[in-house]
Amino acid sequence: MQNKDKDLLKYMRRLKLFELAICFIVVVAFFAAAITEPRMFITIFSDKLLFILCALLWITLLCTTAFLFYDFYQARSLSEEYHLLHKSAYLDFLTEIPNRHSCDMIFRTYNTPESIHSIGCCLLSIDNLSAINSDYGYKRGDEIICDFTHLLTDAASPYGFFCRNGGNEFLTIFDQCDDDRMKCFLNELQDEIDDYNTTSPDAHIALHSTYVLNSVEEKSSLSQLVASAYSKAKRA
């Protein structure tokens, strides 16, 4: 639905621009005629019926232009409202990265055995978040989650999709992923965390990760593969 809404807003803008262009052309044509044919004004003012028709035309143009600018304002408001709705529906409120609903959308994209053949999934969490919340308070814990999100964004963006799956849990889904590629990502993320920990005066980040590769698991759906990652994390 969101793609249809975006297409509708684009169509509205184009239509209003087209209508505004027509109004502009009519105005320019009128003044061009008035400049090249000065007698036109004399004719208009001397003919009562023609004067009334021209006055009605100008009033119509002014009203149309005013309504067009109002429509542009409404379209902009709708666009901003759509952006806010999209943000609340698909982005996590705290971290502003994709949320669980976005993850569900990814599940629908990779819904055949062929599409997930080379997928790798990794569960990530801050292993010491409970201790941070206990020692420094939940506000500091939320700050650590946001800081970790920035590190995850830097490390995971070149590899594929990542989201906050709720609470202290993050999920990555990478296509064309083998063991070397996943380890390369985790090493880069750990390097980011190590650099962060050297500058964090009160609390450091301890990463816990578990990953599975469908080239090994041979699951038929992405949800099964993620469930396999959860099972592996519980056994660890």
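Biologist: What share of the 236 residues in the protein is buried?

Modeller: Buried residues make up 33% of them. Keep in mind that this is a predicted model. To earn the label, a residue needs a relative accessible area under 20%.

Biologist: And what is the secondary structure of the protein?

Modeller: It comes to nine helices and four strands. Reading from the N terminus, the order is α-α-α-α-β-α-α-β-β-α-β-α-α. As for contacts with a separation of 6 or more, 68% link residues 24 or more positions apart.

Biologist: Okay, the strands. In what order do they sit in the sheet?

Modeller: The four form an open sheet in the order β2-β3-β1-β4, and the pairing is antiparallel.

Biologist: What makes β2 and β4 edge strands?

Modeller: Count the partners. β2 and β4 (207-213) each have a single partner strand, so one side of each has no neighbour in the sheet. On average, neighbouring strands here are turned by 20° against each other, ignoring direction.

Biologist: How do you know that β2 and β3 really pair?

Modeller: Pairing takes at least two bridges between the strands. β2 and β3 (residues 169-174) are joined by five bridges and run antiparallel, so they pass the test. For example, phenylalanine 161 stands opposite isoleucine 173 in β3, and arginine 164 has phenylalanine 170 of β3 as its bridge partner.

Biologist: What holds strands of a sheet together in general?

Modeller: They pair through backbone hydrogen bonds, in either a parallel or an antiparallel way.

Biologist: Which helices pack on the sheet?

Modeller: Helix α6 does, touching β1 (120-126), β2, β3 and β4, with its direction making about 10° with that of β3. Helix α9 (residues 222-235) packs on the sheet as well, touching β1, β2, β3 and β4, and its direction makes about 135° with that of β4.

Biologist: Arginine 164 is next on my list. Why is it called buried?

Modeller: Its relative accessibility is 11%, and the limit is under 20%, so arginine 164 counts as buried. Arginine 164 is in strand β2 (residues 161-166), where five of the six residues are buried.

Biologist: What does arginine 164 touch?

Modeller: Leaving out residues up to four places away in sequence, its contacts include Asp92, Leu94, Ile145, Glu169 and Phe170.

Biologist: What makes the approach of the arginine 164 side chain to glycine 167 a polar contact?

Modeller: The side chain reaches the backbone oxygen of glycine 167 at 2.8 Å. The cut-off for such a pair of N or O atoms is within 3.5 Å, so the distance fits. Glycine 167 also belongs to the hairpin of β2 and β3, which has two residues between the strands, and it takes a positive phi near 60° there.

Biologist: Which residues have a positive phi although they are not a glycine?

Modeller: Among them is glutamine 176, at about 50°, in the loop between β3 and α7 (179-199). Another case is glutamate 218, at about 55°, in the loop between α8 (214-217) and α9.

Biologist: Are glutamine 176 and glutamate 218 buried or exposed, and how do you know?

Modeller: Exposed means over 50% relative accessible area. Glutamine 176 has 61%, so it is exposed. Glutamate 218 has 65%, so it is exposed too.

Biologist: What about threonine 210, buried or exposed?

Modeller: Threonine 210, in strand β4, has a relative accessible area of 6%, which is under 20%, so it is buried. Setting aside residues up to four places away in sequence, it touches Cys121, Cys122, Leu123, Ala229, Lys232 and Ala233.

Biologist: Last one. How do helices α5 and α6 meet?

Modeller: The axes of α5 (residues 129-136) and α6 (residues 138-156) come within 7 Å and cross at roughly 140°.

Biologist: Why is α5 called oblique to α6?

Modeller: Roughly antiparallel would need an angle over 145, and roughly perpendicular covers 65 to 115. The crossing of roughly 140° fits neither, so α5 is oblique to α6. The touching residues are Leu129, Ile132, Asn133 and Tyr136 on α5, and Tyr138, Arg140, Gly141, Ile144 and Ile145 on α6. By class, that contact has six nonpolar, two polar and one charged residues.

Note on methods
Residues numbered from 1 in each chain as written. Predicted model: local features only at pLDDT ≥ 70, side-chain atom pairs only at ≥ 80, totals over all residues. Heavy atoms only, no water. Axes fitted to C-alpha atoms, helices over the stretch in contact; angles between N-to-C directions. Parallel < 35°, antiparallel > 145°, perpendicular 65-115°, else oblique. Contact = heavy atoms within 4.5 Å. Nonpolar A, V, L, I, M, F, W, Y, C, P; charged D, E, K, R; others polar. Buried < 20%, exposed > 50% of the residue type's maximum accessible area, 1.4 Å probe, protein only. Polar contact = N/O pair within 3.5 Å; in protein donor to acceptor, adjacent residues only side chain to side chain.
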